Amino acid sequence: MSGGCTNLKSYGCLFVLAGGLMAGYGLSLSGMVRPEVVLSFLRFEDMGLLLVLAGASGTALLAYQVAPRVMRQPLAAPVFSVYSSVLNGRTLGGAAIFGVGWGICGVCPGPAMAGLGAGDGSLLFSLLGMLAGAYVQGRYFGEVPLEAARNRS
């Protein structure tokens, strides 16, 4: 089986969907789906999105620190695990490209999807650009090129 839900229990995709819907609602409520709000934040004119960042970071920190201590296993996965990342030139280059793209279109992927769902059709162009960038990264710069991944499955 391929796709993003392969490591989850059979109903895990429902948890992912519910989490995505809650995140999208939160992003819509905070105004992050409106590029003019995000661009105002990036120009240091409206720092209200810092509250969104603090709330999201605090909630994630609490969940990552508390949940493994009070639960035997996650609700939708067999075990708790930590994704380890490496800070290297590729990560810094990718972060720089992401930041430039964020500054150009005014939204990052999550708010773009939420904004598209809220009816802002102009965000479709931003999402298509993000998908094209993700495809190019995966096709030419990913650790496992797409052809090799297809041959494995």
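Helix 1 gives the nonpolar surface patch its largest share, 4 residues. The model described here is predicted.

**The nonpolar patch**

The patch is formed by Tyr11, Leu14, Phe15, Leu17, Leu21, Leu62, Val66, Val70, Met71, Leu75 and Phe80. Together these residues have about 1,100 Å² of accessible area. Helix 1 spans residues 12–30, and both this helix and helix 3 supply at least two residues of the patch each. Phe15, one of the patch residues, has its place in helix 1. With a relative accessible area of 38%, Phe15 counts as partly exposed, because that class lies between the 20% limit for buried and the 50% limit for exposed residues.

**The largest pocket**

The volume of the largest pocket is about 1,300 Å³. It is lined by 32 residues, and those closest to its centre are Ala60, Ala63, Tyr64, Pro74 and Phe80. Phe80 is also a member of the nonpolar patch. Helix 1 and helix 3 each contribute at least two residues to the pocket lining, and the largest share, 10 residues, comes from helix 1. Helix 1 also has the largest share of the nonpolar patch.

**Overall make-up**

The protein has 7 helices and 0 strands. Read from the N terminus, its elements follow the order α-α-α-α-α-α-α. It consists of 153 residues, 18% of which count as buried. The exposed area of the protein is about 11,200 Å², with 68% of it supplied by carbon and sulfur atoms. Among contacts with a separation of 6 or more, 47% are accounted for by residues 24 or more positions apart.

**Helix 2 and its cover**

Helix 2 runs over residues 35–42, and its buried residues are Pro35, Val37, Val38, Ser40 and Phe41. Their cover includes helix 3 (49–70), helix 4 (89–105) and helix 6 (123–141). Just after helix 2, Phe44 adopts a positive phi of about 60°.

Ser40 is located in helix 2. Its relative accessible area of 14% is under the 20% limit, so Ser40 is classed as buried. Setting aside neighbours within four places in sequence, Ser40 makes contact with Glu45 and Asp46.

**Cys105**

Cys105 belongs to helix 4, one of the helices that cover the buried residues of helix 2. Not counting residues up to four places away in sequence, Cys105 touches Pro35, Ser126 and Met130. Of these, Pro35 is a buried residue of helix 2. Cys105 and Leu39 are 66 residues apart in sequence, while their C-alpha atoms are 8.5 Å apart in space. Cys105 has a relative accessible area of 21%, and it is therefore partly exposed, since buried residues must be under 20%.

**Accessibility of three residues**

The table gives the values for the residues discussed one by one above.

| Residue | Relative accessible area | Class |
|---|---|---|
| Phe15 | 38% | partly exposed |
| Ser40 | 14% | buried |
| Cys105 | 21% | partly exposed |

Methods: Residues are numbered from 1 along each chain as its sequence is written. This is a predicted model: local features need pLDDT of at least 70, side-chain atom pairs count only at pLDDT 80 or more; totals for chains, interfaces and linings use all residues. Side-chain values use heavy atoms; hydrogens and water are left out. Buried means under 20% relative accessible area, exposed over 50%, partly exposed in between (1.4 Å probe, protein chains only). Contact means heavy atoms within 4.5 Å. Patches are made of residues with over 30% relative accessible area and no salt bridge: like charges are joined within 9 Å, nonpolar side chains (Val, Leu, Ile, Met, Phe, Trp, Tyr) within 5 Å. Accessible areas come from the Shrake-Rupley method with a 1.4 Å probe; for residues, only the protein chains shown count as cover. A salt bridge is a side-chain nitrogen of Lys or Arg within 4 Å of a carboxyl oxygen of Asp or Glu. On a 1 Å grid over the protein atoms alone, a cavity is a set of points where a 1.4 Å probe fits but cannot get out, and a pocket is an open set with protein on both sides within 12 Å along at least five of seven lines; lining residues have an atom within 4 Å of a point. Grid points are joined across faces, edges and corners, and a volume is the space filled by probe spheres set on the points.
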